[in-house]
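This briefing addresses charge pairing, one helix and nonpolar packing. Please consult the sequence and the model while reading.

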Amino acid sequence: MKHNIELPEADFFQVYLRGHLIDHHFPQRNNKKFIETRSDDAYDTFVSARLEGKPVPIARELAMRTLLAGLYVSRYDIIYNVVEENLWLRLPPEYMPDFAVHLLGQKPVSDILDRYEVNGDFLDRETHQPMLTELLGTITEILDGYGL
């Protein structure tokens, strides 16, 4: 549904999604078309729910589910959590976000994430713990190679 006038709720969805994609380092963070389309879909969900008589909080929740479908946990989130939970004695906390971004570009880390088919809904899979263990081993080897 294309909007003829700017509506605050529609703007909220775009701003929220853009911030979420940036904060969690999703590859779509610079894809304006993706953000606009997903925000429009969320707004349509909100309007449809309201037209069905659902209260505003429920309509917003349904819209947020549409907005964030497949974008709940990023590759960055997984890597950052491994670093934060397991390597806090080896890295100062202020280095962790940048180091997690650095690790995203490392082929061995990327290969593990690809092999386990990490996507935005990954946390529901049974292979989560084995992947975390493998990531920790690989990240530890990378750190050892840097002499840290």
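Which kind of contact joins the side chains of E61 and R65? In this predicted model, the two side chains form a salt bridge, with an N to O distance of 3.2 Å. The points below take up this pair and two others, then the buried residue D77, helix α2 and the nonpolar cores.

**Salt bridges within helices**

- Seven salt bridges are found when the whole structure is searched.
- E61 and R65 belong to helix α3, which covers residues 56–68, and stand four residues apart, about one turn of the helix.
- Residues three or four places apart in an α-helix point the same way, because such a helix has 3.6 residues a turn.
- Both partners of the α3 pair are partly exposed: E61 has a relative accessible area of 41%, and R65 has one of 49%.
- In helix α2, E36 pairs with K32 in a salt bridge whose closest N and O atoms are 3.9 Å apart.
- Four residues, or about one helical turn, separate E36 from K32.
- E36 is partly exposed at 29% relative accessible area, whereas K32 is exposed at 58% relative accessibility.
- In helix α6 (residues 107–115), D111 and K107 are likewise four residues apart, about one helical turn.
- The closest N and O atoms of the salt bridge between D111 and K107 lie 3.1 Å apart.
- D111 is partly exposed, with 32% relative accessibility, and K107 is exposed, with a relative accessible area of 58%.
- Side chains of opposite charge can pair when their charged atoms come close.

**A buried acidic residue without a salt bridge**

- D77 is situated in helix α4, which spans residues 75–86.
- D77 is buried but takes part in no salt bridge.
- R29, the nearest side chain of opposite charge to D77, is 11 Å away; a salt bridge would require the nitrogen and oxygen atoms to lie within 4 Å.
- The side chain of D77 instead makes a polar contact of 2.7 Å with that of H24.
- Leaving aside residues up to four places away in sequence, D77 touches H24 and Y72.

**Helix α2 and its ends**

- Helix α2 comprises 20 residues, numbered 32–51.
- From first to last C-alpha, α2 reaches 28 Å, close to the 28 Å expected at 1.5 Å a residue.
- At the start of α2, a side-chain oxygen of N31 comes within 3.2 Å of the backbone nitrogen of K33.
- Just after α2, G53 adopts a positive phi of about 95°.
- Buried residues of α2 include the nonpolar F34, I35, F46 and V47, and R38, D40 and D44 are also buried.

**Nonpolar cores**

- Nonpolar side chains tend to be buried together in soluble globular proteins.
- The largest nonpolar core contains 24 residues, and those with the most contacts inside it are I79, V83, L103, V109, M131, L135 and I139.
- Helices α4, α5 (96–104), α6 and α7 (128–146) each contribute at least two residues to this core.
- V83 touches W88, L91, M96, F99, L103 and I139, with residues up to four places away in sequence not counted.
- Another core, of 17 residues, lies apart from the largest one and has L17, A42, F46 and L68 among its members.
- A42 and F46 from this other core are among the buried residues of α2.

Note on methods: Residues are numbered from 1 along each chain as its sequence is written. This is a predicted model: local features need pLDDT of at least 70, side-chain atom pairs count only at pLDDT 80 or more; totals for chains, interfaces and linings use all residues. Side-chain values use heavy atoms; hydrogens and water are left out. Buried means under 20% relative accessible area, exposed over 50%, partly exposed in between (1.4 Å probe, protein chains only). Lys and Arg count as positive and Asp and Glu as negative; His and the chain ends are not counted. A polar contact is a pair of N or O atoms within 3.5 Å; within protein, one must be able to donate a hydrogen and the other to accept it, and residues adjacent in sequence count only if both atoms are side-chain atoms. Contact means heavy atoms within 4.5 Å. The expected span of a helix is 1.5 Å times one less than its number of residues. A nonpolar core is a set of buried Ala, Val, Leu, Ile, Met, Phe, Trp, Tyr and Cys residues joined through side-chain atoms within 4.5 Å.
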